Amino acid sequence: MEPEELKRKLDLVATSCMQLSRELQSLDTQLSLNMDRKAIREIITNLHWAAENTTVVGLHQIGEALDDNMGTGLHD
């Protein structure tokens, strides 16, 4: 797979993560238990993290954002 195609696929994954987070946000106020609302908010946070880092991984594939190691401490 070419780097540009791989980046496009990763961008689609990032977009899907953000769509899922918006859907969960819309359900948040309808949940009856505080523990469920807290869990949904954590899931939303994780989806935002996944979307952001999937975007960065995509940029890495085309030689961009190479200074962003997404908090891993690794430098390839």
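**Exercise 1. A pair within one helix**

Lys7 and Asp11 sit four residues apart in helix α1, about one turn of the helix. The model is predicted. Task: state what joins the side chains of Lys7 and Asp11, and classify the cover of each residue.

*Solution.*

Step 1. Start with the chemistry. Side chains of opposite charge can pair when their charged atoms come close.

Step 2. Check the distance. The N-to-O separation between Lys7 and Asp11 is 2.6 Å. A salt bridge requires a nitrogen within 4 Å of a carboxyl oxygen. The side chains of Lys7 and Asp11 therefore meet in a salt bridge.

Step 3. Classify Lys7. Its relative accessible area is 16%. Buried means under 20%, so Lys7 is buried.

Step 4. Classify Asp11. Its relative accessibility is 25%, and Asp11 counts as partly exposed.

**Exercise 2. A pair between helices**

Task: find how many salt bridges the structure holds, and describe the one formed by Asp28.

*Solution.*

Step 1. Count. The structure holds two salt bridges.

Step 2. Identify the partner. Asp28 forms a salt bridge with Arg41, and their closest N and O atoms are 3.0 Å apart.

Step 3. Place both ends. The pair links distant parts of the chain, with Asp28 in helix α1 and Arg41 in helix α2, which covers residues 34–61. The two residues are 13 apart in sequence. Helix α1 spans residues 3–28 and includes Asp28.

Step 4. Classify both ends. Asp28 has 10% relative accessibility, so it counts as buried. Arg41 has a relative accessible area of 45%, so it is partly exposed.

Step 5. List the surroundings of Asp28. Leaving out residues up to four places away in sequence, Asp28 touches Arg37, Ile40 and Arg41.

**Exercise 3. Spacing between the helices**

Task: give the C-alpha separations for Arg41 with Ser21 and for Thr15 with His48.

*Solution.*

Step 1. Take Arg41, a residue of helix α2. Arg41 and Ser21 are 20 residues apart along the chain. Their C-alpha atoms are separated by 9.0 Å.

Step 2. Take Thr15, a residue of helix α1. Thr15 and His48 are 33 residues apart in sequence. From C-alpha to C-alpha they are 9.9 Å apart.

Step 3. Add the cover of Thr15. At 40% relative accessibility, Thr15 counts as partly exposed.

**Exercise 4. Backbone and contacts after α2**

Task: report phi for Ala65 and Met70, then place Asp68 and name its contacts.

*Solution.*

Step 1. Set the expectation. Most residues other than glycine have a negative phi.

Step 2. Examine Ala65. Its phi is near 55 degrees, a positive value in a residue other than glycine. Ala65 belongs to the segment after α2. It counts as partly exposed, at 28% relative accessibility.

Step 3. Examine Met70. Its phi is positive, about 60 degrees, although Met70 is not a glycine. Met70 is also found in the segment after α2. Its relative accessible area is 23%, so Met70 is partly exposed.

Step 4. Turn to Asp68, again in the segment after α2. At 28% relative accessibility, Asp68 counts as partly exposed.

Step 5. Name the contacts. Leaving aside neighbours within four places in sequence, Asp68 is in contact with Val56 and His60.

Step 6. Add a distance. Asp68 and Val57 are 11 residues apart along the chain, and their C-alpha atoms are separated by 9.2 Å.

**Exercise 5. The whole chain**

Task: describe the protein chain by its elements, dimensions, burial and charge.

*Solution.*

Step 1. Elements. The protein chain has two helices and zero strands.

Step 2. Dimensions. The radius of gyration is 15 Å, whereas a compact globule of 76 residues would have one near 11 Å. Along the principal axes, the C-alpha atoms fill a box of roughly 45 × 25 × 15 Å.

Step 3. Burial. Of the 76 residues, 21% are buried.

Step 4. Surface. The accessible surface comes to about 5,600 Å². Carbon and sulfur atoms hold 56% of that surface.

Step 5. Contacts. Consider contacts between residues at least 6 apart in sequence: 53% of them join residues at least 24 apart.

Step 6. Charge. The chain carries 7 positive and 13 negative charges. The mean positions of the two sets are 9 Å apart.

Definitions and conventions: Residues numbered from 1 in each chain as written. Predicted model: local features only at pLDDT ≥ 70, side-chain atom pairs only at ≥ 80, totals over all residues. Heavy atoms only, no water. Rg over C-alpha atoms; globule rule 2.2 N^0.38 Å. Buried < 20%, exposed > 50% of the residue type's maximum accessible area, 1.4 Å probe, protein only. Contact = heavy atoms within 4.5 Å. Areas by Shrake-Rupley, 256 points an atom, 1.4 Å probe, with all protein chains shown as cover. Lys, Arg positive; Asp, Glu negative; His and termini not counted. Charge placed at Lys NZ, Arg CZ, Asp CG, Glu CD.
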